[in-house]
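The exercises below go through one model step by step, each with a task and a worked solution. Please keep the sequence and the structure open while you work.

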Amino acid sequence: MIGSMNAIEVNNLTKHFDDFTAVDHLDFEVKNGEIFGFLGPNGAGKTTTVRMLTGIIKPDLGQVSIMGLDIRQDPIKAKQIMGVVPELSNAYTELTAWNNLQFMAELYGVPKKDGRQRAEELLGKFDLYERKDHKVRTFSKGMKQKLIIAMSLMNDPEILFLDEPTSGLDVMSARLIKDMLLELNKEGKTIFLTTHYMEEANQLCSRVAIINHGKIAAIDAPEKLKMRIGGLEWVEVSFDMPVDASDFSDLSGVIDVRMSGDKLRLYTNEPGRTIYQLVDYSLSNDLEIVMLNTLTPTLEDVFIKLTEGME
Amino acid sequence: MIDQLKRACAIAKKDIRIYYLKGPVVIFGILFPVFLFLAFVIGRDLPVDFLIAGLLSMTIFFTSMSITPVIAPTETQTRNLERLAAAPVSITTVLMGDMLASVLFGIGISLVPIIVGMAIGVTVEHPFILAAGIVLAAFCFSAMGLIFSSTPTSMTSTVMMISTMVKFPLVFISGVFIPISELPSWGQVLASASPLTYITDLCRYSFQGTNYYPIWMDIAALVIFLVIFMTAAVKLHEKSLPKRL
């Protein structure tokens, strides 16, 4: 047993596929009750990591502890307290939604009565109750994904692993799933979320890890990660008359100036001072400011900077 | 242990609902042995009880081995395998579930030649031996099917082709159409290496009262083959699972 303070503890996790190192000595932990985002470009090692955390594949090296249970020594007990939504998983399309849920209940040893009650609750929550006796092959992609998430919740797991749960879904279905994840987190469940959508990670996660080439590039709260890449704040301004961008390059605190359509974007590490200088400029040149915005880096900027930096 | 057995039953229930009427199961499990049997018996003057015993052993052989090779490649293709791999069940439990579905299919369909035989006047002289033999052989051949399904592919046809390449020759060396005693000595040696030989011998004993090997040897051989096949299947599936995700 590695420890039981955290929901997930990962030590020195490594996986090779022939000569290729997919996951390279990862160390991190996920705290009890947090939504932890796991981000990375395609081929970074996200799915391989999730598969090792959920006991689907065995690591070549390292340890994974789930609520204090070593996934290699106690795989059945560890899996019993997890819910898993794999990246490309599917429900059994020849079975009805109800039968899929009951199969999951039986697979996780949920008593029959509890299984029925839980299936009814989940079908209601995910707005699928009316379709419970319909075969899954007649479901839309969004309905299938909701059912897959409902299936992962049949055992009332303590930790939920979701690999790209909103990928390819329409806005409404994606929002429903995000709201559901927040609700589950409020109920005390730890959520390990792999996603490509930065905004989704920004909205949902208390901490995120960015993985690239099998290694952790950064791990922190989204806002702290944004603060790490200083100099990326910018002021966006638009005047009522065209201006020369070179007029602004000598302003104090301004690092770079770029034109973007009719807008001027000034990258600065002193946004307040830059705004004063822009107001002075407009007054002295008899120009009117049509629009002025201060923008901070997004998680996407952090992601691109960190993943590009490792190329 | 009991918990895992219950979960294996849940997997078997799912398999029964999904796979019993799949095309490859009907073709390779039912139609193929029927036509193979007809091709060999039409025009030949053979005693009915000899034919029914042969048909029965061949039916158990083909039907019990028709479900298990279909499940793994299909679930690889439909992306259901990862869900099972993430569930709190061992590979042995998953394979036990698949095997159980296959066994029930094999036993169910094997009742057809028995009923047909009885309808045309064939009597079962040793019903308990026959029942034990059918159950044991169904487990043995289902486990054999699991070995084929460990091929890391999502193409059911690939697995069925490999299994047919093995099944077809076994039918000819196992005393189904020609009694083992009439085979040349090299044929008798080959026959002893086939699990189908022992259930055929048990069926002949049950219907005709004649047997080539002692009954205990037939049963022991089926048990040994079952243990070997199941052990090999678990090892092979453990190895091939990551390649199928």
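**Exercise 1.** How many bridges join strand E1 of chain A to E2(A), and do the two run parallel or antiparallel?

*Solution.* The model is predicted, so that local features need pLDDT of at least 70 and side-chain atom pairs count only at pLDDT 80 or more, whereas totals for chains, interfaces and linings use all residues. Residues are numbered from 1 along each chain as its sequence is written, chains are lettered from A and ligands numbered from 1 in the order in which they are written, and side-chain values use heavy atoms, with hydrogens and water left out.

Helices (H or I, at least four residues) and strands (E, at least two) are DSSP runs numbered from the N terminus, and two strands pair if DSSP finds at least two bridges between them. Strand E1 (residues 6–17) of chain A is joined to E2(A) by eight bridges, and the two run antiparallel. One of the bridge partnerships links Phe17(A) with Phe20(A) in E2(A).

**Exercise 2.** Place this pair in its sheet, and find the helix that lies across E1, E2 and E4 of chain A.

*Solution.* The open sheet has four strands in the order E2-E1-E4-E5 (chain A), with antiparallel pairing. At its edges are strand E2 (20–31) and strand E5 (69–70) of chain A, each of which pairs on one side only. Helix H1 (residues 46–53) of chain A lies across E1, E2 and strand E4 (61–66) of chain A and runs at about 120° to E1(A); axes are lines fitted to C-alpha atoms, for helices over the stretch in contact (heavy atoms within 4.5 Å), and angles run from 0 to 180 degrees between N-to-C directions.

**Exercise 3.** How much area do chain A and chain B bury between them, and how many salt bridges are counted there?

*Solution.* Begin with the residues: the contact takes 26 from chain A and 25 from chain B. Buried area is the accessible area (1.4 Å probe) that two parts lose on being put together, summed over both; for chain A and chain B this comes to about 2500 Å², 59% of it on carbon and sulfur atoms. On the side of chain A, Ile56(A), Tyr92(A) and Leu107(A) lose the most area to chain B, together 25% of what that side buries.

Next, count the salt bridges (a side-chain nitrogen of Lys or Arg within 4 Å of a carboxyl oxygen of Asp or Glu): there are three between chain A and chain B. A salt bridge joins the side chains of Glu106(A) and Lys13(B), at 2.8 Å from N to O.
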